Amino acid sequence: MRAKCRMEAGFPDAAAAKAAEKALAHEGAGGRSSAKLETDGKTLVISIEAQDVVALRAAANAYLRALAVFEGAERGANDE
């Protein structure tokens with residue numbers, strides 16, 4: 001059974017969304033899943049497709065962790 005997930009993350013501007021897309025592009029997906037990243041204005045859209053829900057959960061968690069790290073790094077850079 002194929003499983004799909006679409007996540008959206010909003011950013012203050014299109015440049016920040018594009019930077020997040022580039023930063024997360026290296027994350028990739030495992031052998032049982034694939035992902036597509038794209039920006040829509042100020043929104044980063046992550047679409048994941050997997051062979052099963054376990055692989056979908058693993059891929060979604062990986063992207064969410066990477067997104068949290070990116071946002072933390074952006075906040076830290078803006079504080080300086």
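**View 1. M1 and its patch at the start of the chain.** In this predicted model, M1 sits in the segment before strand 1, the strand that covers 3–10. M1 counts as exposed, since its relative accessibility is 80% and the cut-off for exposed is over 50%. Look for V53 and V54 as well: together with M1 they make a nonpolar surface patch of about 360 Å².

**View 2. The whole chain, for orientation.** Before zooming in again, here is the overall layout. The protein chain has two helices and three strands, and from the N terminus on the order reads β-α-β-β-α. Of its 80 residues, 31% count as buried. The accessible surface comes to about 5,100 Å², with 52% of that belonging to carbon and sulfur atoms. As for contacts between residues at least 6 apart in sequence, 62% of them join residues at least 24 apart.

**View 3. Strand 3 and its two partners.** Strand 3 covers residues 43–50. Strand 1 runs antiparallel to strand 3, and eight bridges join the two. Strand 2 also pairs with strand 3 in the antiparallel sense, again over eight bridges. A handy place to centre the view is I46 in strand 3: M7 stands opposite I46, and L37 stands opposite I46 too. A bit of background for reading side chains here: in a regular strand they alternate between the two faces of the sheet.

**View 4. The hairpin turn at G41.** Strand 2 and strand 3 form a hairpin with two residues between the strands. Check the backbone of G41 in this hairpin, where phi is positive, near 70 degrees. Helix 1 comes into the picture through A15, which lies in that helix. The C-alpha atoms of A15 and G41 are separated by 8.6 Å, although the two residues are 26 residues apart along the chain. A15 counts as exposed, because its relative accessibility is 57% and exposed means over 50%.

**View 5. S33 and S34 at the start of strand 2.** Strand 2 spans residues 33–40, and S33 lies in it. Is S33 buried or exposed? S33 is buried: its relative accessible area is 13%, and buried means under 20%. Leaving out residues up to four places away in sequence, S33 touches E49, A50, A55 and A59. For the next residue along, S34, the bridge partner in strand 3 is E49.

**View 6. S47 in strand 3.** S47 has its place in strand 3, and its relative accessible area of 23% makes it partly exposed. Which residues does S47 contact once its neighbours within four places in sequence are set aside? They are C5, R6, S34, A35 and K36. L37 is another residue to pick out in this view: S47 and L37 are 10 residues apart in sequence, and their C-alpha atoms are 6.5 Å apart in space.

**View 7. E21 of helix 1 and what it touches.** E21 lies in helix 1. If you expected this glutamate to stick out, check the number: E21 is buried, with a relative accessible area of 14%, and the cut-off for buried is under 20%. Neighbours within four places in sequence aside, E21 is in contact with L37, E38, T39 and L44. Of these, L37 also turns up in View 3, where it stands opposite I46 in strand 3.

**View 8. The aromatic pair, F11 and F70.** The structure holds one aromatic pair. F11 and F70 form it, edge-to-face, at 6.1 Å centre to centre and with 75 degrees between the planes. F11 lies in the loop between strand 1 and helix 1 (14–25), while F70 lies in helix 2 (residues 53–79), so the pair ties together parts that are 59 residues apart in sequence. Are the two partners, F11 and F70, buried or exposed? Both F11 and F70 are buried.

Conventions
Residues are numbered from 1 along each chain as its sequence is written. Side-chain values use heavy atoms; hydrogens and water are left out. Helices (H or I, at least four residues) and strands (E, at least two) are DSSP runs, numbered from the N terminus. Buried means under 20% relative accessible area, exposed over 50%, partly exposed in between (1.4 Å probe, protein chains only). Contact means heavy atoms within 4.5 Å. Patches are made of residues with over 30% relative accessible area and no salt bridge: like charges are joined within 9 Å, nonpolar side chains (Val, Leu, Ile, Met, Phe, Trp, Tyr) within 5 Å. Accessible areas come from the Shrake-Rupley method with a 1.4 Å probe; for residues, only the protein chains shown count as cover. A salt bridge is a side-chain nitrogen of Lys or Arg within 4 Å of a carboxyl oxygen of Asp or Glu. Rings of Phe, Tyr and Trp (its six-membered ring) pair if their centres lie within 6.5 Å; planes under 30 degrees apart count as stacked, over 60 as edge-to-face and the rest as tilted. Two strands pair if DSSP finds at least two bridges between them.
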